[in-house]
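Here is a short report for a reader who is new to this structure. Please look at the sequence and the model first, then read on.

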Amino acid sequence: MGIGTTAITDAFITTARVKPYACSMCDMRFFQRYHLARHSLTHTGVKPYACSMCDMRFFQRYHLARHSLTHTGVKPYACSMCDMRFFQRYHLARHSLTHTGVKPYACSMCDMRFIQRNHLERHSLTHTGEKPFACDMCDMRFIQRYHLERHKRVHSGEKPYQCERCQQNFSRTDRLLRHRRLCQGRGVAKVENQPCCDPRPYSQEPPPAPPTWSPLHPPPGRLAV
């Protein structure tokens with residue numbers, strides 16, 4: 001078979017979308033032997049490309065090169081409409097949608113649309129009622145991992161968010177923000193180690209009973225008739 005015939009055959013294979021190289025461990029097929037060899041690593045678990053600055057390893061050289069940017073701080077992909085820069089071209093393309101307003105991912109059950117696929121997938125759970133993130137200390141389940149992590153602070157007692165004015169700690173950012181409005185609205189100078197939103201001290205004595213009017217005991221300033 002001549003060179004011209006081989007080229008024609010390869011062109012025919014590509015045009016017909018035939019993938020002659022099949023994986024022996026799954027149903028995946030590939031146009032090129034190199035792609036099959038690279039795919040086979042996902043079954044063996046071998047990651048031949050090692051980062052020289054940390055313990056991370058990768059299946060593909062491209063993934064290693066992309067990872068290395070996180071050590072150098074270089075972000076080669078710049079947005080043409082703002083100052084944002086990105087490690088990956090995909091992240092730049094996704095960011096660009098925030099300027100155009102295009103939301104390519106549409107929910108099939110309502111009119112909501114999303115810029116990112118993972119946002120659509122997370123939204124879809126609100127229709128199915130599925131809550132994949134379960135607390136390992138109680139029966140609570142959540143749609144988002146973030147909500148689960150926030151819930152776990154109920155068990156651990158962790159309060160990582162602190163008011164800069166009075167040093168009071170909170171487990172959630174929304175509670176800190178609500179507290180700040182009250183704290184700053186008092187307009188009182190900060191006192192060291194003194195919380196600004198302590199409960200107001202009240203007397204422990206019961207309030208006096210209201211006076212009862214009587215013609216025999218008129219209130220002061222009035223004459224009995």
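The sections below cover the model, two helices, the salt bridges, the cysteines and a few loop residues.

## The model

This is a predicted model, in which local features need pLDDT of at least 70, side-chain atom pairs count only at pLDDT 80 or more, and totals for chains, interfaces and linings use all residues. Residues are numbered from 1 along each chain as its sequence is written, and side-chain values use heavy atoms, with hydrogens and water left out.

## Helix α5 and the glycine after it

Helices (H or I, at least four residues) and strands (E, at least two) are DSSP runs, numbered from the N terminus. Helix α5 covers residues 117-128. Does its length agree or disagree with the expected span? The expected span of a helix is 1.5 Å times one less than its number of residues. For the 12 residues of α5 that gives 16 Å, and the end C-alpha atoms are 17 Å apart, which agrees.

Three residues of α5 are buried: Leu120, His123 and Leu125. Buried means under 20% relative accessible area, exposed over 50%, and partly exposed in between (1.4 Å probe, protein chains only). The buried residues of α5 pack against β7 (105-106) and β8 (113-114).

Gly129 follows α5 and has a positive phi, near 80°. Gly129 sits in the loop between α5 and β9 (133-134). Its relative accessibility is 51%, so Gly129 counts as exposed. Along the chain, Gly129 and Ile143 are 14 residues apart; their C-alpha atoms are separated by 8.3 Å.

## Salt bridges

How many salt bridges does the structure hold? There are 3. A salt bridge here is a side-chain nitrogen of Lys or Arg within 4 Å of a carboxyl oxygen of Asp or Glu.

One pair is Glu149 and Lys152, at 4.0 Å from N to O. Both residues lie in helix α6 (residues 145-156), 3 residues apart, about one turn of the helix. Glu149 is partly exposed, at 38% relative accessibility. Lys152 is partly exposed too, with a relative accessible area of 30%.

Another pair is Arg180 and Glu164, whose closest N and O atoms are 2.6 Å apart. This pair links distant parts of the chain, 16 residues apart: Arg180 is in helix α7 (residues 173-185), and Glu164 is in the loop between β11 (161-162) and β12 (169-170). Arg180 is partly exposed at 22% relative accessibility, whereas Glu164 is exposed at 51%. Arg172 and Asp174 also meet through their side chains, at 2.9 Å from N to O. Arg172 has a relative accessible area of 21%, so it is partly exposed. Asp174 is partly exposed as well, at 36%.

## Cysteines and the core

A disulfide is a covalent bond between the sulfur atoms of two cysteines. The rule used here asks for a pair of cysteine sulfur atoms within 2.5 Å. The count comes to 0 disulfides. Why is Cys79 not bonded to Cys82? The sulfur of Cys82 is the closest cysteine sulfur to that of Cys79, but at 3.7 Å it is too far for a bond. Cys163 is in no disulfide either; the nearest cysteine sulfur, in Cys166, is 3.7 Å away. Cys79 is buried, with a relative accessible area of 10%. Cys163 is buried at 2% relative accessibility.

In soluble globular proteins, nonpolar side chains tend to be buried together. A nonpolar core is a set of buried Ala, Val, Leu, Ile, Met, Phe, Trp, Tyr and Cys residues joined through side-chain atoms within 4.5 Å. Which residues make up the largest nonpolar core? Its 5 residues are Cys163, Cys166, Phe170, Leu176 and Cys183. Contact means heavy atoms within 4.5 Å. Setting aside neighbours within four places in sequence, Cys163 is in contact with Gln168, Leu176, His179 and Cys183.

## Two loop residues

Arg165 is in the loop between β11 and β12. Its relative accessible area is 23%, which means that Arg165 is partly exposed. Arg165 and Gln184 are 19 residues apart in sequence, and their C-alpha atoms are 7.9 Å apart in space.

Ser171 is in the loop between β12 and α7. Is Ser171 buried or exposed? Ser171 counts as buried, at 16% relative accessibility. Not counting residues up to four places away in sequence, Ser171 touches Arg153, Glu158, Lys159, Pro160 and Tyr161.
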